[in-house]
Structure formats: structure tokens, C-alpha cells
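User: Hi! I have a model open and would love to walk through it with you, one question at a time.

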Amino acid sequence: MARNHHPASPDPSGTSGPNNIPRMPAGFQGELSREANTSIDGSWAGSIPAQYGVAPRVRVGARKWFNLLWLIPIGFVLLVVGIAVARGIRELPGVQAFIAQYPGTSSLPGDAPVGFPAWVGWQHFLNLFFMIFIIRSGWQILADHPRLYWTRHSGPGRNWFRMQIPVPADPLYTAKQDSITLPAGVGLPGRRHTIGLARWWHLGVDTLWLLNGLVFYVLLFSTGQWLRLVPLHWDVIPNSISVALQYLSLDWPVETGWTNYNGLQLIAYFITVFIAAPLALITGLGMSPALSTKFRWISSVFSIQVARSLHFLVMCWFALFIIIHVTLVLATGALNNLNHMYASQNTESWAGFWIFAASMVVVVVGWVAATPLTYRYPRMVQRVGYALIGPAQRLFEHIDSKPGQYTEKDISPYFWHNGKYPESPEYQRLRDGNFANYRLRVSGLVENPVELDLDQLRKLPHHEQITQHFCIQGWSGVAQWGGVSMQTIVDLVKPNPDVKWVIFYSFADGSDGGIYYDAQPIEQMSYHLTMLAYDMNNETLTYGHGAPLRLRNEVQLGFKMVKWIKGIEFVKDFSEIGGAEGGYNNDHEFFGYRQSI
């Protein structure tokens with residue numbers, strides 16, 4: 001929901017600016033850190049210390065939590081019991097007759113292909129190689145907000161999964177404080193709060209994985225190989241039950257993968273290729289602020305948190321599939337199976353094994369090298385990641401969403417605080433005086449640079465909207481914002497035609513010193529849902545949420561919505577501002593100046 005009200009212009013005050021608003025002196029570039037990090041060391045993110053969470057837990061009932069590590073001994077016990085039961089009932093005449101009738105495989109059409117063409121082996125390897133980086137970086141992203149929800153209201157007690165202690169009672173506890181450290185070699189790149197780099201790995205390699213998948217689908221359907229991956233008869237169900245009994249009884253079913261998969265293999269491959277893979281893409285896009293804000297009829301049901309939770313469960317499916325798949329490949333005739341997948345031949349030779357061994361060397365080297373490579377060349381990771389995902393980022397940024405998705409009943413009861421709070425004497429004096437002496441300075445390549453106090457801001461045409469916030473860490477929340485549309489500010493100061501970017505400066509320092517800032521494209525300043533907010537949920541904006549003024553730009557992630565704003569500058573480019581990367585987190589933590597996904 002968004003509304004604009006148009007009261008009278010500010011009262012005359014004898015000043016010389018438009019609408020009698022005073023003109024403004026120079027900007028704030030002198031308060032910026034002029035450095036941009038080029039590596040990761042012990043001073044990372046303001047020397048943020050390691051913080052380890054708890055074992056993964058899922059909610060059981062209203063207040064109980066189940067430690068997922070218990071699944072290891074429970075699973076082992078169930079496996080032993082399952083083997084004992086399967087071996088016992090396998091000798092029953094009825095079970096033997098059932099297995100004889102349904103040995104495990106269904107018949108295929110006469111024109112179904114036999115064997116594995118060479119492209120299947122290459123696709124198989126590339127899929128595995130890309131997946132290790134996707135999963136590791138996905139774990140790293142999850143560690144930055146180690147909680148999952150089924151509602152868009154990401155408040156304490158609403159999560160169904162967590163790898164962190166319950167949210168402390170401290171009212172100024174931030175989402176960044178909540179992030180945890182993953183063990184070395186597990187997350188990518190590792191260290192706490194490296195989500196900026198983890199996202200470049202995740203989104204960049206996702207792009208390669210999707211391109212590889214597109215090639216796979218084209219080849220799959222053009223060669224008829226899809227007939228081997230799609231259940232064509234209902235007898236796949238009893239055949240799957242039969243195969244499960246044979247596996248559990250440790251009397252393996254006959255391996256016929258060269259011509260036909262057994263029922264369990266068929267179902268597992270079908271789910272992986274035609275359900276899990278597309279769902280990974282759909283749920284990933286479901287976390288985009290630009291797309292979610294635009295396609296309201298979808299995001300009203302399929303919220304970011306539903307998408308995030310399903311995305312996590314898809315990752316769990318892939319991880320479980322890989323473990324079981326590799327185990328059975330090696331346990332049910334390793335040489336023959338490896339020849340099928342890697343050498344495209346139905347023999348017992350060692351050719352497939354040596355190709356497999358070479359591919360595993362590549363995978364292990366990639367796994368081991370990824371983290372130190374990222375620590376040493378993080379800016380390269382950022383550049384390559386943006387080159388891969390940047391076209392989609394730019395495409396989504398041009399979506400100007402209309403208001404009206406949410407109403408007051410949708411407002412979240414809890415809205416996370418985040419960022420480093422302002423501590424300067426200047427801000428403290430303003431806060432102690434209830435911001436009576438606050439002035440918003442708007443300058444740069446504009447015809448009418450101005451200063452605006454809060455009374456003058458409130459007398460400008462009022463803009464109001466109820467929108468959802470998307471934090472880069474993964475949490476979300478709905479709030480009502482009241483303030484001034486950025487289009488009103490643009491109309492007031494009249495930027496020059498060559499202005500391309502708008503820089504927002506904060507009273508708060510960044511983690512490595514120098515004030516926080518961010519660059520926003522000038523075209524997004526005219527979007528319906530881009531505004532300066534001084535009210536939140538019908539009350540004056542609080543200290544923790546950015547008082548006295550904060551930015552809202554709903555096609556961007558939350559870190560770009562600068563809080564505690566002290567000034568705005570219209571510029572041609574940002575190549576000489578701060579570290580020249582388009583924002584404080586871009587300079588110091590390798591975020592992106594375009595972040596619509």
C-alpha cells in the first residue's frame with residue numbers, strides 16, 4: 001500500500017531556495033573511507049570475532065526443539081532394524097512371489113535408447129563440480145541468518161529451524177550479531193559474515209549450473225534419453241517397493257542401468273531432474289525483492305521465507321541424493337557403474353574408474369582451493385560473480401512495482417535491527433535534542449541544493465506505503481513507512497541531465513571506519529516505492545530502525561536502504577566516491593552495487 005498526500009508548501013522563511021528552503025553547502029565525501037579491501041584477513045568486517053552456533057534443530061510443537069544430530073544414531077538403528085526385518089520377510093513365500101512378479105524394473109518402449117552417450121558423462125561431472133560450490137556457499141549464506149521460517153514475519157519464536165540460540169532479549173540485538181561461523185572447509189568462503197562473497201559464488205555458479213542444465217534438457221529430449229528418466233507405468237511403485245526390500249536385505253537387485261533403471265533409481269532421478277532442479281530455480285527467484293514486490297499475487301502466498309525454507313529443503317535433497325547415489329554406485333558394482341557413467345561402455349574394464357579418479361582430483365582441488373583463492377582474490381570473485389549474474393540483476397532492477405500488496409494487518413510484530421549504530425558526538429547531540437537541529441543536506445549536480453529540517457520534510461507531500469523488507473542475510477518483515485517520496489526530492493532539487501547515481505550518506509560509521517554510504521541508480525528514484533521514511537508503523541522512526549530518516553527502495557536488498565541519513569548527493573558516477581565500488585559494503589565486504597536478487 002502507498003499513498004501520497006499534498007499539503008501546502010513550507011511557509012516562507014526569507015531563504016533563497018525553492019519553496020523557501022535553504023540552500024546547502026558541500027557534501028560528505030571527506031568523511032568516507034577512501035579504501036576498498038582487496039583481501040580478507042584478521043581485520044575482516046571490523047575484526048568480527050568467530051561465533052559458533054548450535055547443532056541444527058527443528059521445532060517440535062510450540063516450544064520443543066529436536067537436535068538433528070540425533071538422526072545419525074536413530075538412522076543407524078532404523079537401518080539395522082530395517083535390514084533385519086527385510087532379511088526375515090524376504091523368505092516368506094508371498095514376498096518371494098511379489099519380488100518375482102515385480103523384480104524391480106519396468107519395460108521401456110522399443111525405441112528407447114540403450115546405454116549412455118558421452119555427453120551424459122560430461123554433464124554428470126559438471127553438475128557435480130558446480131554443485132559442491134553451490135551447496136557450500138549456500139551453507140555460508142544460511143549461516144548469516146541461521147534461522148528458517150514459514151511466514152514472512154521473521155521474529156523470535158517464529159522459526160521452524162535454527163542453528164543458533166534463541167534470540168536474546170536485548171532490544172538492540174542485530175541480525176549481524178546473530179550470524180555464526182561455519183567450520184573451515186565447510187562454508188564458502190568461510191569466516192563469519194562473508195555473505196557478500198558467498199553470494200557471488202552461489203549466484204555465479206548457479207548461472208553456470210543452470211546453463212549446464214539447459215543443455216542437459218535439450219540433449220535429453222532431442223536424443224530420447226528422457227524415456228529412461230520418466231516413469232511411464234504405474235508398476236514403478238510396486239517395483240520400487242521390491243527394490244527397497246532387495247537393497248535392505250543386502251541381496252542386491254540385478255543391475256540393469258545400461259538398458260533400464262530400477263524403480264527406486266527411476267523415481268530418485270525423476271525427482272532430482274524434473275522436480276528438485278526446477279524448484280531450486282523457482283525458490284531462488286522467490287527470494288528476489290524486485291520479483292516478489294512485482295508479482296504480488298505469487299509472493300502473497302509464496303513468500304520469501306517459504307521460498308527460503310523450500311530452497312534449503314531442496315539443498316538437503318541434493319545432498320542426500322549425492323550421498324546415497326555415490327554409496328550405491330560403489331556398492332553395487334563399482335567398475336561397471338563407473339564405466340556406464342564415465343566411459344560410456346558396458347564392460348568391467350578400468351577405463352571408467354580412471355576417468356572417475358581424475359574427475360575426483362579436479363573436484364577435490366576445487367573444494368580445497370576455493371576458500372584460500374577467495375581470501376586472496378576476493379575482488380576477482382566479486383567481478384566474476386557479477387559478470388555471470390549481473391545481466392539478470394540489471395534486468396530485475398527495471399521492475400517498477402505498484403503499491404497495494406499489504407495492509408496494516410500484514411505488519412510484522414517484530415522487525416530486526418541491523419547495521420552498526422551511529423556513535424558520533426554529532427549524532428548523539430541531535431538525538432538528545434529529539435533531532436530539532438537535524439538538517440538533511442541534498443547536494444551535488446543539482447540546480448537547487450537544499451537543507452531540510454524534519455518540519456520542512458513533513459510539510460512536503462506525504463508518501464505512505466506498506467512494504468516488505470528483504471535483508472541480504474535472509475530475514476524479512478512487513479512495515480508501514482511514512483515520509484517523502486524520492487520523486488518529490490528529485491523535483492525539488494532538479495538534478496542535471498548527466499546525473500546517473502544518487503549517493504546516500506549515513507551518520508553511522510561502517511565496520512572499518514568512515515561513514516556508511518550507498519549508491520542508487522537515478523532512475524529508481526522515480527519508482528513508486530522509493531522514499532525517505534521518518535515514520536514507521538504510524539510512529540516516529542526509532543533509533544534502532546534509522547532515526548531520523550532512512551531510505552526505502554523496494555527493488556533492492558536491505559543493506560542498500562541507508563539508515564540514519566545525514567545527506568544525499570546527486571553524481572555522474574561513483575568512481576571517485578569512497579572505495580569506488582558503489583557503497584560501503586561493496587568497498588569493504590564485497591557486496592554488489594546492484595542487488596535485486
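User: Let's begin with F415: is it buried or exposed?
Analyst: Happy to start there, and please keep in mind that this is a predicted model. A residue counts as buried when its relative accessible area is under 20%. F415 has 8% relative accessibility, so it counts as buried.

User: Which kind of aromatic pair do F415 and W481 form?
Analyst: The structure holds 43 aromatic pairs, and F415 with W481 is one of them. Their centres are 5.8 Å apart, with 80° between the planes. Planes over 60 degrees apart count as edge-to-face, therefore this pair is edge-to-face.

User: How many residues apart are F415 and W481 in the chain?
Analyst: F415 belongs to the loop between α14 (378-397) and α15 (425-432), while W481 sits in strand β9 (residues 476-485). W481 is buried too, at 0% relative accessibility. The pair links distant parts of the chain, and the separation is 66 residues.

User: Moving on to the sheet with β10 in it: what is the order of its strands?
Analyst: Let's build it up from β10. Strand β10 (residues 501-509) pairs with β11 (residues 515-521) in the antiparallel sense over six bridges. β10 also pairs with β15 (residues 565-571), again antiparallel and over six bridges. The open sheet has five strands with mixed pairing, in the order β7-β6-β15-β10-β11.

User: Which strands stand at the edges of that sheet?
Analyst: An edge strand can be recognised by its partners: here each has a single partner strand, so one side of each is left without a neighbour in the sheet. Going from one strand to the next, the twist averages 20°. The strands at the edges are β7 (450-452) and β11.

User: Which helix packs on this sheet?
Analyst: Look for the helix that touches β6 (440-444), β7, β10 and β15. Its direction makes about 140° with that of β7. That helix, residues 486-493, is α17.

User: How many of the nine residues of β10 are buried?
Analyst: β10 has antiparallel partners in β11 and in β15. The strand is mostly covered. The number of buried residues is eight.

User: Which residues are the bridge partners of W501 and I503?
Analyst: Both residues can be traced to a neighbouring strand. W501 is bridged to a residue of β11, namely P521. For I503, the partner lies in β15 and is E569.

User: Which residue in the turn between β10 and β11 has a positive phi?
Analyst: β10 and β11 form a hairpin, with five residues between the two strands. In that turn, a phi of about 95° is found at G513.

User: Is K560 buried or exposed?
Analyst: K560 is in the loop between β14 (550-553) and β15. Leaving aside its neighbours within four places in sequence, its contacts include D518, Q520, L551 and Y593. Its relative accessible area is 0%, so K560 is buried.

User: Which backbone oxygen lies 3.2 Å from a polar atom of the K560 side chain?
Analyst: The contact list of K560 includes D518, A519 and Q520. The backbone oxygen at 3.2 Å belongs to A519.

User: Where are the cis peptide bonds that involve P189 and P548?
Analyst: P189 lies in the loop between α5 (175-178) and α6 (195-222), and its cis bond has omega near 15°. P548 is placed in the loop between β13 (539-540) and β14, with omega near 10° for its cis bond. The bonds run from L188 to P189 and from A547 to P548.

User: What are the phi values of S344 and K494?
Analyst: S344 is in the loop between α12 (334-343) and α13 (351-376), and K494 is in the loop between α17 and β10. S344 is partly exposed at 28%, and K494 counts as partly exposed at 39%. Each has a positive phi in a residue other than glycine: S344 is near 55°, and K494 is near 55°.

User: One last stop: which ring has R228 over its face?
Analyst: There are two arginines to look at here. R191 lies over the face of Y375, at 5.1 Å from the ring centre. R228 is at 4.6 Å from the centre of its ring, which belongs to F116.

Notes: Residues numbered from 1 in each chain as written. Predicted model: local features only at pLDDT ≥ 70, side-chain atom pairs only at ≥ 80, totals over all residues. Heavy atoms only, no water. Buried < 20%, exposed > 50% of the residue type's maximum accessible area, 1.4 Å probe, protein only. Helix = DSSP H or I, 4+ residues; strand = E, 2+ residues; numbered from the N terminus. Pairing = 2+ DSSP bridges. Axes fitted to C-alpha atoms, helices over the stretch in contact; angles between N-to-C directions. Contact = heavy atoms within 4.5 Å. Polar contact = N/O pair within 3.5 Å; in protein donor to acceptor, adjacent residues only side chain to side chain. Phe/Tyr/Trp six-rings, centres within 6.5 Å; stacked < 30°, edge-to-face > 60°. Lys NZ or Arg CZ within 6 Å of the ring centre and 35° of its normal.
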